[in-house]
Amino acid sequence: MSDLDQVKGINARQIKLLQENGISTAEALAMTPLSTVASIDGLGEKTAKKIIWNARNALGMTDFTPAAKIDDNVEYFTTGSAELNRILGGGFQTGKLTEVYGPFKSGKTALAHTISVTIQLPQKKGGIDGAVAYIDTENTFSKEKIKRIAKRFELNPKDILSRIFHARIYSSDHQAQMIQKAETLCKTRGVRLIIIDSLMALLRAEYIGIGKLAPRQAVLNNMIHGLSRVAETYNCAVLLTNQVAVKMMGMFSADDAIGGNIVAHGCHFRVMFKTKGFSSNNSLKRRAVIVDAPDLPPEECEFFITGAGVADTDKVELPESPGLDFEVETLYEDDDNSQESDEISDQQSSEPFPLIQVKGIGKGTVENLSAQGIKTVSDLLSANPEELSASISGASVKTVNEWQNNAKALMNS
Ligand SMILES: Nc1ncnc2c1ncn2[C@@H]1O[C@H](COP(=O)(O)OP(=O)(O)OP(=O)(O)O)[C@@H](O)[C@H]1O
Ligand SMILES: [Mg+2]
């Protein structure tokens with residue numbers, strides 16, 4: 001069952017309200033906290049409770065199940081490294097959240113690219129034939145990298161790119177919005193892997209200082225719970241990459257993932273990538289450590305980053321790929337039938353939306369924004385509303401928030 005209109009006692013107006021708030025299936029309704037549904041304007045606690053309970057009843061969630069009958073539908077796909085697969089218990093898992101954290105250059109983005117391809121492999125070759133939603137907060141997604149990895153696995157790069165739905169993200173609430181959209185892609189486009197590279201970058205930049213810690217953690221909590229629910233509902237894998245901060249422990253220091261307990265407890269698998277301990281800084285050898293996993297020993301392994309993704313060796317051959325009639329380097333040149341991934345990156349590079357197109361921004365405001373260094377829609381989206389409001393007379397924080405929402409709507413249009 002997947003449609004809200006099949007939930008007993010729910011009417012069209014309530015379905016519309018739920019959908020506007022990102023709850024578009026009976027499963028989503030059944031798994032959303034009562035307080036969240038009750039806080040939707042126009043619903044109220046009594047209605048929220050009734051429809052949630054009815055959704056749970058319809059889905060058989062109000063009975064205990066003998067353990068022998070529990071669905072065990074975990075699927076695994078390869079990370080590109082047999083060693084990494086081994087310590088992960090057989091590969092990257094569906095239905096769960098996996099956090100990979102480590103210092104810069106440790107291979108987090110390389111893994112994100114590799115599994116964006118390997119998940120699309122057929123089952124007999126180590127994949128699950130799934131599509132990908134790639135939430136890119138650091139602007140490090142590379143089509144060239146994807147093409148090389150695709151070639152390594154003897155897949156057609158063009159087909160692979162067309163099943164990676166990419167979103168460049170500019171602010172934490174944009175990130176939350178696109179997490180909700182990723183759920184829709186699970187339903188409609190066969191997405192079985194959601195990647196956020198990286199989870200904390202924007203939150204860390206926007207919520208500065210101890211006073212902002214509580215609101216930041218609240219936003220993060222919503223994201224993690226939302227993703228956890230989507231992972232379970234659609235048996236979807238989730239990779240969250242995370243940065244580290246140095247934590248002092250007496251005389252010693254250690255890298256620690258950021259995001260605190262909410263990330264640590266919210267993720268089922270936590271894997272640390274390390275660059276330290278290898279003879280040369282230029283070495284592409286890395287170490288992976290299982291830090292926390294429900295049913296895995298705390299093992300470690302080594303792997304390599306290569307030009308064609310994560311591997312067990314630094315000498316990955318790109319096969320000649322007989323039957324794949326393209327040159328990797330020239331792919332996409334003169335291609336009129338642009339793919340979704342293309343459209344997104346093209347939008348970024350050419351900045352097709354001048355500020356004047358944003359609803360609520362007139363000529364005078366464009367000049368005022370320009371004087372503050374805000375010249376493009378992406379500058380506007382990455383600005384801090386409070387700081388911007390303080391530097392432009394007559395623009396309240398609410399107004400700046402409206403500009404940013406309108407800019408996002410324009411970009412998504
Ligand atoms: N074509 C390539 N061939 C070999 N190594 C490469 C290639 N491209 C990138 N690398 C190496 O991969 C490493 C970068 O890894 P990656 O971008 O995955 O790190 P990261 O953990 O995501 O870092 P950050 O925290 O900065 O995002 C660098 O050491 C870089 O030298
Ligand atoms: Mg990275």
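I count two residues as in contact if their C-beta atoms, placed from the backbone, lie within 7 Å. With that settled, I opened this predicted model and began with the whole chain.

**Entry 1: the whole chain**

I looked at contacts between residues at least 6 apart in sequence, and 67% of them join residues at least 24 apart. The chain holds 17 helices and 13 strands. Of its 413 residues, 39% count as buried.

**Entry 2: the sheet**

Next I traced an open sheet of nine strands. I read the order as β5-β4-β6-β7-β3-β10-β11-β12-β13, and the pairing is mixed. Which strands stand at the edges? They are β5 (164-168) and β13 (309-311). Each has a single partner strand, so one side of each is left without a neighbour in the sheet. I also checked the twist: neighbouring strands are turned by 25 degrees against each other on average, direction ignored.

Then I picked out one pair in this sheet. Strand β11 (residues 285-292) and strand β12 (residues 300-306) run in the antiparallel sense and pair over five bridges. Here I found R287 standing opposite E302 in β12.

A helix packs on the sheet too, namely α11 (residues 213-233). I see α11 touching β3 (97-101), β6 (191-197) and β7 (237-242). The direction of α11 makes about 125 degrees with that of β3.

**Entry 3: two helices that cross**

A reminder to myself: two packed helices are described by the angle between their axes and the distance between the axes. I applied this to α6 (residues 108-118) and α7 (residues 143-152), whose axes come within 9 Å and cross at roughly 50 degrees. That angle makes α6 oblique to α7. The crossing is right-handed.

Which residues make the contact? From α6 I noted H113, T114, S116 and V117, and from α7 K145, I146, I149 and A150. Sorted by class, the contact of α6 with α7 has four nonpolar, three polar and one charged residues.

**Entry 4: T109**

I stayed with helix α6, where T109 lies. Is T109 buried or exposed? I count T109 as buried, because 22 other C-beta atoms lie within 10 Å and the cut-off for buried is 20 or more. Leaving out residues up to four places away in sequence, T109 touches T140, D197 and T241. I also looked up the spacing between T109 and E138: they are 29 residues apart along the chain, and their C-alpha atoms are separated by 9.8 Å.

**Entry 5: backbone oddities**

Most residues other than glycine have a negative phi, and most peptide bonds are trans. I went looking for exceptions.

D197, met above as a contact of T109, came up again: the peptide bond from D197 to S198 is cis, with omega near -5 degrees. I placed S198 in the loop between β6 and α10 (201-206).

D129 is not a glycine, yet has a positive phi of about 55 degrees. I found D129 in the loop between α6 and β4 (131-136). D129 counts as partly exposed because it has 14 C-beta neighbours inside 10 Å.

N139 also has a positive phi, near 60 degrees, and is a residue other than glycine. Its place is the loop between β4 and α7. With 13 other C-beta atoms within 10 Å, N139 is partly exposed; I would have called N139 exposed at 12 or fewer.

Key
Residues numbered from 1 in each chain as written. Chains lettered and ligands numbered in written order. Predicted model: local features only at pLDDT ≥ 70, side-chain atom pairs only at ≥ 80, totals over all residues. Helix = DSSP H or I, 4+ residues; strand = E, 2+ residues; numbered from the N terminus. Axes fitted to C-alpha atoms, helices over the stretch in contact; angles between N-to-C directions. Parallel < 35°, antiparallel > 145°, perpendicular 65-115°, else oblique. Left-handed = near helix turned anticlockwise from the far one by under 90°. Nonpolar A, V, L, I, M, F, W, Y, C, P; charged D, E, K, R; others polar. Pairing = 2+ DSSP bridges.
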